[in-house]
Amino acid sequence: MAAVAPFEVCVKAAAGAPDLLGDCPFSQKMLLTLEEKHLPYAMKMVNLSDKPKWFLEISPEGKVPLFKSDETWVSDSDCITQLLEEKYPDPSLATPPEYASVGSKIFPSFVKFLKSKDPSDSSEQALLDELRALDDHLKAHGPYINVEKICAADLSLAPKLYHLEIALGHLKNWTIPEDLTHVHNYMKLLFSRDSFAKTKPTKEHVIAGWLPKDISELCLIKRGVAMNLNSLSLGLISLLSRARVPRALKFGHSRARVQNA
Ligand SMILES: N[C@@H](CCC(=O)N[C@@H](CS)C(=O)NCC(=O)O)C(=O)O
């Protein structure tokens, strides 16, 4: 393939760290696709808490990721990754149609369980069911969704499983059951790829992103350095999370991605 000039892309900046990649699973999905297709890119980091004017001019919805194609800014990670597949089919990341929905309900189930305050609702079970369905699929067709070949469905799921593991581990002291061995192996495979290592946000920023906004601001130190949340005990985090924050504020912040999962 002839040399390609770096594509301009807009991604979420980390909270409090304008030059660091932030915790947007949709931005990471686009970056993973570019990496796996060996396409060069130049990132513009966008502070979503204080969106700059230039960004709002090119993104009326105010969302990342954005990808510049022939002088036009394209939004939505699905549209962007499809466009990349059409324009740069080699190596192919196309998901076989029969596998297109594998794992697709994991992210909404994870978010529901994470936000649930009622241990007797079925949100944990619903998430377990989705993870088990993925395990069954991987057992029959793994190690990736499409056997040996990584595909778009894997690149969509990888950042979401990363968020799930970190957020539920730190905020609910919850881990994926050991017996879901194919899921564990799948996550290890995905997270150990160069593409993933190059595009992942820090654990601290993932955790901060899932905390209610006011708590998350407390936990982030200005000038771009995130406090090591591992050093904050889980008890303290959950205590803070339950502090007298008006109900409407809780989880009502920058998680626009939740609605768009
Ligand atoms: N369906 C969109 C969802 C993109 C999305 O929701 N991005 C979030 C960040 S993860 C966003 O830009 N939210 C706007 C905001 O926080 O103001 C996609 O797949 O690209």
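**Figure 1. Helices H4 and H5 side by side in a predicted model.** Here we look at helix H4, residues 106-115, and helix H5, residues 123-141, whose axes come within 8 Å and cross at roughly 155°. With an angle over 145° counting as roughly antiparallel, H4 and H5 are therefore roughly antiparallel to each other. H4 goes past H5 in a left-handed crossing. On the H4 side, the residues that meet H5 are Ile 106, Ser 109, Phe 110, Lys 112 and Phe 113. Their partners in H5 are Ser 123, Glu 124, Ala 126, Leu 127, Glu 130, Leu 131 and Leu 134. Sorted by class, this contact of H4 with H5 has seven nonpolar, two polar and three charged residues.

**Figure 2. Helix H4 again, now with H6 as its partner.** The axes of H4 and H6 come within 10 Å, and they cross at roughly 15°. Are H4 and H6 roughly parallel or roughly antiparallel to each other? An angle under 35° counts as roughly parallel, and H4 and H6 are therefore roughly parallel. Their crossing is left-handed. From H4, Ile 106, Phe 107, Phe 110 and Leu 114 take part in the contact. H6 brings Leu 157, Lys 160, Leu 164, Ala 167, Leu 168, Leu 171 and Lys 172 to meet them. This contact of H4 with H6 divides into nine nonpolar, no polar and two charged residues. Look out for Ile 106 and Phe 110: they meet H6 here, and they also appear in the contact with H5.

**Figure 3. The buried side of helix H7 and what covers it.** H7 runs over residues 181-191, and its buried residues are Val 183, Tyr 186 and Leu 190. Looking down the helix axis, you find these buried residues within an arc of 60°, so they line one face of H7. Some background helps: an α-helix has 3.6 residues a turn, so residues three or four places apart point the same way. What lies over the buried residues of H7 includes H5, helix H6 (152-172) and helix H8 (194-199). Turn to the face of H7 pointing away from the buried side, and there you meet the exposed residues Thr 181 and Lys 188.

**Figure 4. Helix H9, wrapped up by the rest of the structure.** H9 covers residues 203-210, and seven of its eight residues are buried, so the helix is largely enclosed. Which residues of H9 are buried? They are Glu 204, His 205, Val 206, Ile 207, Ala 208, Gly 209 and Trp 210. For the wider picture, 35% of the 261 residues of the protein count as buried.

**Figure 5. Val 11 and its surroundings.** Val 11 sits in strand S1, which spans residues 7-14. Is Val 11 buried or exposed? It has 23 C-beta neighbours inside 10 Å, and so Val 11 counts as buried. If we skip the neighbours within four places in sequence, the contacts of Val 11 are Leu 21, Gly 22, Cys 24, Ser 27, Leu 31, Met 43, Met 45, Val 46, Val 64 and Pro 65. Leu 48 is 37 residues away from Val 11 in sequence, yet their C-alpha atoms are 9.4 Å apart in space. Across the protein, 71% of the contacts with a separation of 6 or more link residues 24 or more positions apart.

**Figure 6. Two cis peptide bonds, each leading into a proline.** Most peptide bonds are trans, but these two are cis. One joins Asp 90 and Pro 91, with omega at about 0°. Pro 91 belongs to the loop between helix H3 (77-87) and H4. The other runs from Gly 142 to Pro 143, and its omega is near 10°. You'll find Pro 143 in the loop between H5 and H6.

**Figure 7. Positive phi at Glu 71 and at Asp 76.** Most residues other than glycine have a negative phi. Glu 71 isn't a glycine, yet its phi is positive, about 70°. It is part of the loop between strand S4 (66-69) and strand S5 (72-75). Glu 71 has 5 other C-beta atoms within 10 Å, so it is exposed. Asp 76, in the loop between S5 and H3, also has a positive phi, near 80°. With 17 C-beta neighbours inside 10 Å, Asp 76 counts as partly exposed.

Key: Residues are numbered from 1 along each chain as its sequence is written. This is a predicted model: local features need pLDDT of at least 70, side-chain atom pairs count only at pLDDT 80 or more; totals for chains, interfaces and linings use all residues. Axes are lines fitted to C-alpha atoms, for helices over the stretch in contact, and angles run from 0 to 180 degrees between N-to-C directions. Helices (H or I, at least four residues) and strands (E, at least two) are DSSP runs, numbered from the N terminus. Angles under 35 degrees count as roughly parallel, over 145 as roughly antiparallel, 65 to 115 as roughly perpendicular and the rest as oblique. A crossing is left-handed if the near helix is turned anticlockwise from the far one by less than a right angle, and right-handed if clockwise. Two residues are in contact if their C-beta atoms, placed from the backbone, lie within 7 Å. Ala, Val, Leu, Ile, Met, Phe, Trp, Tyr, Cys and Pro count as nonpolar, Asp, Glu, Lys and Arg as charged, and the others, Gly among them, as polar. A residue is buried if 20 or more other C-beta atoms lie within 10 Å of its own, exposed if 12 or fewer, and partly exposed in between; C-beta atoms are placed from the backbone. The arc is that of the directions from the helix axis to the C-beta atoms.
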